[in-house]
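Here's a friendly walk through one protein chain. Take a look at the picture below, and then we'll start at one particular spot.

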Amino acid sequence: MRKIFFVFLLITGLSYGFSEKERDTLLRVIQGLYKDGVYSTAAQKGLEYLQKASEDDPYREKIIKLIFSSLYKAGDKKQFLKYIDEIKNQKISPETAEYIYILGLKLFKNSPEKTKIIQFYIPFAPEDKQKALYKELAIIYAKAKKWKEIEKLPDIKELRFFKVLALYKQKKYKEVIEYTQQLGKFPPETKEKVLYYRALSFTKINQPEKAVKELEAITFKTPDMLKFLAGYYLKKKNYIMAERYLKQLTTEEKYKDFAYYYLGVIQDLDKNYKKAAKYYLKAAKYKSKYGKLAQKRLQQFKKAKVLSEYSVRVAVFSTEDKARKLLQKLNLKECFVKKYKKYYGVFCGKSISKEELKPLQKKIKSKGIKDSIITQLP
C-alpha cells in the first residue's frame with residue numbers, strides 16, 4: 001500500500017512540475033527577492049513557478065501579479081512586454097488582467113508601445129469598455145500615422161470615422177466614397193467630418209460637382225471649405241453663390257485678401273466700380289498675390305478716371321502765394337496746392353476712399369488746422 005501511495009505522489013509531483021515542498025520553497029524565494037528589491041530575479045523565478053504550477057494552483061495569479069509588479073518597479077519595459085506575450089494565452093481572471101493593464105499604462109504612459117498593453121487587456125475588459133479601448137487605440141495609431149493598423153481594427157460604429165481617415169490618408173479615395181455611402185452607420189458627432197473627407201475624395205478623382213454637393217450639406221464649414229466653394233462658383237460664373245461664401249471668408253484672416261479681391265472682381269464685372277474699388281482697397285493692404293492684383297486694378301481705375309478721387313481740404317485762399325505759405329507751414333509731404341473754382345485750395349492726400357483719408361485728417365488737426373474736410377478733388 002505504501003508503495004502504491006509513493007507512486008501516486010511521484011506521478012502527481014511530476015504533473016505539477018514540482019513537489020509541495022519545492023513549491024513552498026520557491027514561493028518563499030520569490031517573496032524574499034521581491035521584498036529585497038531584486039525585482040528582475042523575482043520576475044524570472046515567478047515565471048519558473050508558472051511553468052511548473054498547474055492551472056488551478058492557488059498561488060498562480062498572485063505570482064502573475066508579483067511578476068508584473070516586479071517588472072514595473074524595475075522599470076523594465078522590454079521584459080514587461082515579453083512577459084505579457086508569455087501569459088496572454090494563459091487562463092487569468094479579468095481582475096488580474098486589469099491589474100497588469102494599469103501597471104502597463106503607468107510604465108509606458110505616452111510611449112507608442114502603450115498599444116500592446118491595450119491590445120492585451122481588450123479581451124478581458126467588459127464590452128462597453130472594449131469599445132473605448134479600441135477608440136483609444138485608433139487615436140494613438142492616427143497620431144502615429146499607422147493607417148494600416150486602423151484598418152485592422154473591428155468595424156464598429158465608434159471606429160468608423162477613423163477608418164475613413166485611414167483610407168483617405170492612404171489615397172484610397174474610391175474606397176472612402178464607397179465606405180461613406182450610408183451616413184447612418186456613423187456616430188452623429190462625426191457626420192460632418194465624414195462628409196468633408198467624402199467631398200475631398202471626390203475632388204481627388206476630379207468630380208468637383210459631387211464634392212460641392214457634400215460640402216453644401218455641412219453646417220459648420222471650415223475656411224478651406226468656404227474657399228473651395230467660392231472658387232468653384234466663381235469658375236461656374238455663379239456670382240451670387242460665390243459672393244455668399246466670399247463674404248463669410250472676410251472674417252477669416254487667412255483668406256481675407258482672396259475674399260476681398262474676388263468680391264471686387266464680382267462688382268467690377270457688373271461695372272459697379274465704386275463698390276469694386278472699396279473691396280480692392282481692402283485687398284490691396286495685403287502683401288500677397290491678391291493684394292498686388294487689387295493694387296494693379298486700382299491703378300487702372302485711376303488712369304481711366306472711372307472713380308472720383310477724394311482729399312483732405314485744409315483751406316482755400318484767394319491767391320496761390322498764400323496757399324503755398326500754408327503748405328510750407330504744414331510741412332507735410334502729402335499736401336499740395338490745386339486750383340479750386342476761382343481760388344486756390346490746399347489739399348492733403350489722394351484716395352478713392354474717404355475712410356482711408358481719416359488718419360491723415362486727424363494728423364492735420366493735430367497741427368492746429370481744425371476746419372479740414374474730406375471732399376472730392378476738383
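## Starting at Glu320

Glu320 has a relative accessible area of 35%, so it is partly exposed. That term covers the range between buried, which is under 20% relative accessible area, and exposed, which is over 50% (with a 1.4 Å probe and protein chains only). You'll find Glu320 in helix 19. Leaving out residues up to four places away in sequence, Glu320 touches Val337 and Tyr344, where touching is contact, meaning heavy atoms within 4.5 Å. Glu320 and Lys339 are 19 residues apart along the chain, and their C-alpha atoms are separated by 8.3 Å.

A little further along comes Asn331, in the loop between helix 19 (320-330) and strand 2 (335-340). Asn331 isn't a glycine, yet its phi is positive, at about 55°. With 65% relative accessibility, Asn331 counts as exposed.

## Where the model comes from

This is a predicted model, so local features need pLDDT of at least 70 and side-chain atom pairs count only at pLDDT 80 or more, while totals for chains, interfaces and linings use all residues. Residues are numbered from 1 along each chain as its sequence is written, and side-chain values use heavy atoms, with hydrogens and water left out.

## The whole chain

The chain holds 20 helices and four strands; these are DSSP runs numbered from the N terminus, with helices being H or I of at least four residues and strands being E of at least two. Why call the chain more spread out than a compact globule? Because its radius of gyration is 39 Å, well over the 21 Å that the globule rule gives for 378 residues. That radius is taken over C-alpha atoms, and the rule is 2.2 Å times the number of residues to the power 0.38. Along the principal axes, the C-alpha atoms fill a box of roughly 145 × 50 × 25 Å.

Buried residues make up 43% of the 378 in the chain. Take the contacts between residues at least 6 apart in sequence: 50% of them join residues at least 24 apart. The accessible surface is about 23300 Å², and 51% of that belongs to carbon and sulfur atoms; the areas come from the Shrake-Rupley method with a 1.4 Å probe, and for residues only the protein chains shown count as cover.

## Helices 6 and 8

Helix 6 has 15 residues, which should span 21 Å at 1.5 Å a residue, and its end C-alpha atoms are indeed 21 Å apart. The expected span is 1.5 Å times one less than the number of residues. Its buried residues are Thr96, Ala97, Ile100, Tyr101, Leu103, Gly104, Leu107 and Phe108. Among the things covering them are helix 4 (60-74), helix 5 (77-87), helix 7 and helix 8. After helix 6 comes Lys109, with a positive phi near 45°.

Now for helix 8, which runs over residues 127-143. Its 17 residues reach 25 Å from first C-alpha to last, close to the expected 24 Å. Which of its residues are buried? They are Leu133, Leu137, Ala138, Ile140, Tyr141 and Ala142. These pack against helix 6 (94-108), helix 7 (114-121), helix 9 (147-152) and helix 10 (160-169). Just after helix 8, Lys145 takes a positive phi of about 60°.

## A buried loop residue

Is Phe186 buried or exposed? Its relative accessible area is 4%, so Phe186 is buried. Phe186 lies in the loop between helix 11 (173-179) and helix 12 (191-204). Not counting residues up to four places away in sequence, Phe186 touches Lys157, Arg160, Phe161, Val164, Tyr179, Thr180 and Val194. The C-alpha atoms of Phe186 and Glu158 are separated by 7.6 Å, with their positions 28 residues apart along the chain.

## Out on the surface

Lys271 sits in the loop between helix 16 (256-269) and helix 17 (273-283). Lys271 has a positive phi of about 60° although it is not a glycine, and its relative accessible area of 61% makes it exposed.

Lys362, in helix 20 (residues 354-365), is exposed too, with a relative accessible area of 66%. From C-alpha to C-alpha, Lys362 and Lys146 are 60 Å apart in space, and they are 216 residues apart in sequence.
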